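Subject: Handover of a structure and notes on its fold

Dear colleague,

I am passing on the structure below, together with some notes on what I found when going through it. Please read the notes with the structure open beside them.

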Amino acid sequence: MNTVYNIVPHTLEADNTMSKISLLTATLMALLLISGLIAPLYASNAISAGGTNLVAAEMGGRIVAFSSQAVDENGKVMPEWQVTNLIDGKHVLGNYTPADSYGWSSQHAPSEENPEWIVFAFAHDQTRLLRRIVIDPATDDPPFIGRWVRDIEVQVSTTTPEGPYKTVGRFLVVNKPIEQHFDFLPVEARYVRLVITSNHGSDKCVEMGEVEIYEAIVGDSALDDIIVRLDNLLQELKQLRDFQLYQQEQKTLEEVTTKPAPPASEKTAPEGTQEEQQ
Ligand SMILES: [Ca+2]
C-alpha cells in the first residue's frame with residue numbers, strides 16, 4: 001500500500017513537469033514562427049521613440065548605483081561633478097556651464113577590464129519598453145583633453161539593479177558637444193546599466209554631461225504591440241530554460257556529492273583484524 005501512496009504524488013509531479021515542458025516547447029515554436037515577422041517591422045520604423053526622458057530627475061528617474069564619482073584631495077564628493085548631474089536636465093552649452101553642474105566625472109579612466117558604469121531606474125521602479133538612449137558628452141572640460149565618453153554598452157535588467165543584465169547595444173560617442181541618439185530594438189527594462197569602456201584618450205577620468213532614455217512607441221496596431229511583447233517573452237523563456245538546466249545540474253551535483261561513503265568498518269575491519277592477529 002505504501003508503494004501506491006508514493007506513486008501518486010510522483011506521477012502528478014511528472015505530469016505537471018511534462019505539461020510545463022510541452023507548453024514551453026509549443027510557445028517557443030510559435031515564437032520562432034512569429035519572429036520572422038519582427039525584422040521587417042523594425043526595418044519599417046514602425047516603432048519610434050517617445051518624447052519623455054524617463055530618467056530625468058524631474059520625471060522621477062534615479063541613479064541607483066554607479067562605479068565612481070570625482071572626489072577632492074580630502075576624499076569629499078565635488079557636487080559640481082557628482083553623478084546625479086547626469087539626470088539634472090542641465091547642459092554645458094558653448095561657453096556656458098551651469099554653476100552647480102559641470103557634468104559627471106569618474107575617479108579613474110575606464111578600460112575594457114575596468115569599465116566605469118551607472119545604473120538608472122525609472123519612477124517607482126517601473127518596467128518600461130525602451131527604444132533610445134541619448135548621450136550629451138559635453139562637460140566643463142574641453143573636448144581636446146580627451147576625458148569625454150567614447151565607447152558605451154547599454155545593458156538592461158527586468159529584475160534587480162544587480163542584474164542579471166543583457167546587452168542591447170554597443171555605441172561610439174563622438175568627441176563633439178552635441179546630443180547623440182542611439183536606438184536599439186525595443187526591450188523591456190526596469191534598470192538600465194550604462195557601461196563605459198573608454199574615453200577619448202585621457203588617463204585621468206571619463207566625463208559626460210547628460211544621459212536621457214526614451215520609451216518605445218509601437219504605432220497604433222495592437223498586433224505590432226503583441227509581436228514586440230512576444231519577442232521579449234522569448235528572451236524570458238530562454239532565461240527560464242537556462243535556470244531550469246542550472247537547477248538540474250545543481251541537483252545532479254548534490255546527488256553525486258552526498259552519495260554515502262562505504263561503511264567505515266569495510267575499510268578498517270581487515271586492518272583491525274590484522275592487528276588483533278598480531
Ligand atoms: Ca547635466
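Which residue of β11 is the bridge partner of Val-134? The partner is Glu-212, and this pair belongs to the contact between β5 and β11, two strands that run antiparallel and are joined by 6 bridges. Before I go further, please keep in mind that this is a predicted model, and that every value below was computed from it.

Overall layout

The chain contains 3 helices and 11 strands, and along the sequence these follow the pattern α-β-β-β-β-β-β-β-β-β-β-β-α-α. Of its 278 residues, 26% count as buried. Among the contacts in the chain with a separation of 6 or more, 77% are between residues 24 or more positions apart.

The sheet of four strands

The pairing of β5 with β11 forms part of an open sheet of 4 strands, which has the order β1-β11-β5-β8 and antiparallel pairing. Its edge strands are β1 (48-53) and β8, each of which pairs on one side only. If direction is ignored, neighbouring strands of this sheet are turned by 35° against each other on average.

One residue of the edge strand β8 deserves a closer look, namely Pro-186, which lies in the stretch 180-189 that makes up this strand. Pro-186 counts as buried because it has 26 C-beta neighbours inside 10 Å, where 20 or more are needed. Apart from residues up to four places away in sequence, Pro-186 touches Ile-47, Leu-129, Leu-130, Arg-131, Ala-216 and Val-228. The C-alpha atom of Pro-186 is also separated by 9.2 Å from that of Ser-48, although the two residues are 138 residues apart along the chain.

The sheet of five strands

A further open sheet has 5 strands in the order β2-β4-β9-β6-β7, again with antiparallel pairing. Here the edge strands are β2 and β7 (166-172), each pairing on one side only, and neighbouring strands are turned by 25° against each other on average when direction is ignored.

Going through this sheet from the β2 side, strand β2 (residues 62-66) is joined to β4 by 4 bridges, and the two run antiparallel. Within this pairing, Ile-63 stands opposite Phe-120 in β4, while Phe-66 has Ile-118 of β4 as its bridge partner. Strand β4 is mostly covered, with 5 of its 6 residues buried. On to the next strand, 6 bridges join β4 to β9 in an antiparallel arrangement, and Ile-118, already named as the partner of Phe-66, stands opposite Leu-194 in β9.

Strand β9 in turn pairs with β6 in the antiparallel sense over 6 bridges, with Tyr-191 of β9 standing opposite Ser-157. Strand β6 is largely enclosed by the rest of the structure, because 5 of its 7 residues are buried. The sheet is completed by the antiparallel pairing of β6 with β7, again over 6 bridges, in which Asp-151 stands opposite Leu-172 of β7.

The nonpolar core

In soluble globular proteins, nonpolar side chains tend to be buried together. In this model the largest nonpolar core has 41 residues, and those with the most contacts inside it are Phe-120, Val-149, Ile-152, Val-192, Leu-194, Val-211 and Ile-213. At least two residues of this core come from each of β4 (116-121), β5 (128-136), β6 (151-157), β8, β9 (191-196), β11 (210-217) and α2 (222-257). Which of these elements gives the most to the core? That is β9, with 5 residues.

Two residues from this list have already appeared in the five-stranded sheet: Phe-120 stands opposite Ile-63, and Leu-194 stands opposite Ile-118. For Val-149, also among the residues with the most contacts inside the core, the contacts beyond four places in sequence are with Ile-135, Pro-137, Val-173, Ile-196, Asn-199, Val-206, Glu-207 and Met-208.

With best wishes

Key:
Residues numbered from 1 in each chain as written. Predicted model: local features only at pLDDT ≥ 70, side-chain atom pairs only at ≥ 80, totals over all residues. Buried ≥ 20, exposed ≤ 12 C-beta atoms within 10 Å, placed from the backbone. Contact = placed C-beta atoms within 7 Å. Core = buried A, V, L, I, M, F, W, Y, C linked by C-beta atoms within 7 Å. Pairing = 2+ DSSP bridges. Axes fitted to C-alpha atoms, helices over the stretch in contact; angles between N-to-C directions.
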